[in-house]
Amino acid sequence: MDTSSGHPDREEAERLSTAVGVLADFLSRQPLTQTLASLEQRLKGADGIDVMRVAEDGQVVPELLASALTVRESLGRINDLIHACGILLVLPHILGEGEHITVRPSLGAGNDPSRPYDVETDQRIAEFKLARWRGADAMRKRQTFKDLVMLAADTSGRRAELFVIGPEPRRFLTTSTSTAAWALDRSPGALRTFTTVFGPPSMSVAQFTATTAAHVQITDLRDLLPAPVAALLQ
């Protein structure tokens with residue numbers, strides 16, 4: 001007897017599993033970048049009939065689009081899952097003996113106003129950035145600097161730590177000549193905090209990191225995550 005009939009959660013899981021299989025089959029043939037480049041090259045000068053032929057030859061069919069949409073809809077919060085997994089796998093390695101989490105942690109990507117830090121214990125405050133930087137990272141730069149500012153502004157006396165992936169975030173924070181005003185122009189709340197606590201945001205990102213925020217420890221998560229995970233982030 002089919003016990004899955006009429007069970008929305010199970011039906012959704014089966015639909016997602018099928019969609020993932022379709023995508024995996026398509027993506028396993030060659031890197032997506034190569035696939036798209038090949039399609040683009042063949043489309044140059046094409047008419048409507050040619051476009052249909054190119055799509056058929058490339059197996060770009062309605063089922064593929066439907067599968068991609070299904071996966072995107074179902075896994076839209078994958079960043080939250082990555083953020084949560086990263087924190088949970090690292091915490092046992094950084095919490096000291098007798099150290100306890102004192103505030104409900106913010107495991108999803110992004111903080112709500114009532115929980116300004118990803119993790120608060122009786123000894124530390126910490127922010128986790130699990131995105132890999134790949135070049136055009138202006139938004140990531142702004143978000144990372146905002147977190148640095150909020151950590152530096154804490155007056156509780158607890159240890160402040162910023163956990164990142166790879167060398168690029170640290171390089172930006174320690175060498176950028178961009179002003180704090182630029183880095184915080186999308187974060188009005190953090191900009192108000194900066195102005196209130198540190199004064200006019202005219203100093204550079206690097207100057208702030210080296211002086212006012214020098215006590216904030218910046219750690220590469222690749223040194224703490226399990227080896228199989230760290231290897232994927234090299």
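**A four-stranded sheet, its helices and Ala 183**

Four strands form an open sheet in the order 1-2-3-4, and the pairing within this sheet is mixed. Strand 1 (119-120) and strand 4 (217-220) stand at its edges, and because each of them has a single partner strand, one side of each is left without a neighbour in the sheet. The model described here is a predicted one, and the points below take up the strand pairing, the helices that lie against the sheet, and one residue in a helix.

**Pairing of strands 3 and 4**
- Strand 3, made up of residues 159-164, runs parallel to strand 4, and four bridges join the two.
- Within this part of the sheet, Val 164 has Asp 220 of strand 4 standing opposite.

**Helices against the sheet**
- Helix 5, which covers residues 78-94, lies across strand 1, strand 2 (124-128) and strand 3, and runs at about 145° to strand 2.
- Helix 6, which covers residues 138-153, also packs on the sheet, where it touches strand 2 and strand 3, and its direction makes about 170° with that of strand 3.

**Ala 183 and its surroundings**
- Ala 183 belongs to helix 8, which spans residues 180-183.
- Ala 183 has a relative accessible area of 0%, which is under the 20% cut-off, and therefore counts as buried.
- Leaving aside residues up to four places away in sequence, Ala 183 touches Arg 142, Phe 145 and Val 205.
- Ala 160 lies 23 residues from Ala 183 along the chain, and the C-alpha atoms of these two residues are separated by 20 Å.

Technical notes. Residues numbered from 1 in each chain as written. Predicted model: local features only at pLDDT ≥ 70, side-chain atom pairs only at ≥ 80, totals over all residues. Heavy atoms only, no water. Buried < 20%, exposed > 50% of the residue type's maximum accessible area, 1.4 Å probe, protein only. Contact = heavy atoms within 4.5 Å. Pairing = 2+ DSSP bridges. Axes fitted to C-alpha atoms, helices over the stretch in contact; angles between N-to-C directions.
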